[in-house]
Amino acid sequence: MLRNFQHHSTRRTKALFAAVIFSAGMAHLGPAHAQNSSTIRVALNEDIRGVDPARETDGMSDPVHTHIVEGLVAYSNTLEIAPVLAESYSVEDEGKTYVFKLRDGVKFHNGKVLTSADVKWSWDYLMAEGSVWRCKAVFEGNVKVASVETPDPLTVVYRLEAAKGSFIYSLARTDCAGTPVFHQDSLKSDGTWGSVIGTGPFTAGERRIGEYAEVNRFPDYTSPPGDPSGRAGRKEALVDKIRFSVVTDPAARIVGLRSGEIDLSSVSSQSVKQIQAEPSLDVVLSETTVWYALLLSQTDPLLQNKALRQAIASAIDREAVAQGVTYGLSKGTTTPMPRVSRYYSPIKDEPLEANPDRTRELLAEAGYKGEPITIIANKSFQSMFDQAIIIQSQLQAAGINVTIETLEWGLQLERYTKGNYQAQSFSYSGRFDPMGAWERIIGPESRKVWKDERAIALLNKGLAATNPEEVRAISDEIYALFIKEVPAVSLFHMTQANGFNKRLQGIESSPFDAPTLWNVSIK
């Protein structure tokens, strides 16, 4: 009798706890919307950094900014560059000059028509002294812009100090709001920031710090031509409003999806099947460019031994790691280049599974005597820790003495930045440009794990190249060297899961971390 009482009491306690979480997380969402409502409610894991896309960009703010502002170009779902505010662009002067022709008749949210002067003004604002725009250092450094000219109202000319094929990819970077173009009326009369006036399908709406940020349909929006693809192509605002609400608790987000208080939310890998079982819900899965890897320090006395690094790679079953960490959602890979990229071309004879015979041969060649190897991991990002556990098991089974040192994320990042480690279970944020997939690890900086002069020379050559076939050939050459030298073991690209209410029509898979809600309607 006591056991039954405890059982029912525990169930009531859990139900009450879930209700408290739900109430706390959903209080600012308002009453459940009717089926004919024209508002899409999106859950954010944390509050946005701000509403200034020039200075306040981060992973939480990007989903809001991308609906309000646009740039000259943007990424498609295949990671190609496509015109947005530009009608077309051309590369001249052997890659040192980029000429953009603007679409005629594009309107800002204040009704004024876009001209080249607005593009130039936005650029000057982004690059002004004291600006903290995320990409300012890029265009002052590796991809230095010498000048921006406006020969007529519909032409913008960017002149670079040196030929850089990576310029066009940098211009479209999503973590920099796509190099946004906005009207100078976004500033107050005293020059301080007011409210962003962009050209996107939605305008900036109400924001309550710590609660939500809204965007409203822009009725005079002029869409780019072409089929919808990623951040480019046709865009239509098919709802009146989108509310991005802060719901920090994962349990509250799932409860909100079930109740209809939330229409769309990122969900954990282990929650996917649970959500798919709900009759009113579904999940869209997107393989992103977020890359998981095991980093191997070539400055470490033990891991300087190339045969030992090769043995470690040979002992790891990448598919098993990917499946185990992501509950079967992601696939193993031997390259940092994402599958969605046109530059993805895996080496055919490089297996995903472990090769015990080859591992034994390499360990003998390395003269390995069981010396300990430490992998650094953290529990703030569970996937990195889970990855380390699976790798440890696989390497120990192959006779490699591996231990895990669990650190706070900040300390692990500090060790990464200084290059102070033997091995690290690590992940890199998404990069969409072809050389960006390699730039994450190649370079002389202490934080870069691959300091090989051959790799650095190839990377610099690839960053300058403008011909896609030349870029592909260079990327393939870097990849072959990567497999041979093993500065890291490529494991998988993370698959993003977003749960959504089936009343939403038009939700599609995309390699971008943040969903776009133009072309999405309510049934």
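**Exercise 1.** Which residues does W438 touch, not counting residues up to four places away in sequence?

*Solution.* Keep in mind that this is a predicted model. Start at W438 and skip its sequence neighbours up to four places away; what's left is T335, P336, M337, L459, S475, I478, Y479 and F482. Now zoom out: W438 is among the residues with the most contacts inside the largest nonpolar core, along with L72, F100, F139, Y158 and F167. That core has 96 residues. Helix α15 (residues 468-485) gives it the largest share, with 7 residues. As background, nonpolar side chains in soluble globular proteins tend to be buried together. Finally, look for a separate core: there is a second one of 36 residues, and F385, I400, V486 and M494 are included in it.

**Exercise 2.** Find the largest cavity and work out what lines it.

*Solution.* Begin with the count, which comes to 4 cavities of 30 Å³ or more. The largest has a volume of about 190 Å³. Next, go to its centre: of the 17 lining residues, T66, V69, A177, G178 and R231 lie nearest. Then check the elements, where α2 (62-68) and β2 (73-75) each supply at least two lining residues. Sorted by class, the lining splits into 8 nonpolar, 5 polar and 4 charged residues.

**Exercise 3.** Do the same job for the second largest pocket.

*Solution.* Volume comes first, at about 340 Å³. Of the 23 residues in the lining, G506, E508, S509, S510 and T516 sit nearest the centre. The elements giving two or more residues to this lining are β12 (281-296) and β16 (488-501). Last step, the classes: 10 nonpolar, 11 polar and 2 charged.

Note on methods. Residues numbered from 1 in each chain as written. Predicted model: local features only at pLDDT ≥ 70, side-chain atom pairs only at ≥ 80, totals over all residues. Heavy atoms only, no water. 1 Å grid on protein atoms, 1.4 Å probe; cavity = no way out; pocket = protein on both sides within 12 Å on 5 of 7 lines; lining within 4 Å. Points joined across faces, edges and corners; volume = space filled by probe spheres on them. Helix = DSSP H or I, 4+ residues; strand = E, 2+ residues; numbered from the N terminus. Nonpolar A, V, L, I, M, F, W, Y, C, P; charged D, E, K, R; others polar. Core = buried A, V, L, I, M, F, W, Y, C linked by side-chain atoms within 4.5 Å. Buried < 20%, exposed > 50% of the residue type's maximum accessible area, 1.4 Å probe, protein only. Contact = heavy atoms within 4.5 Å.
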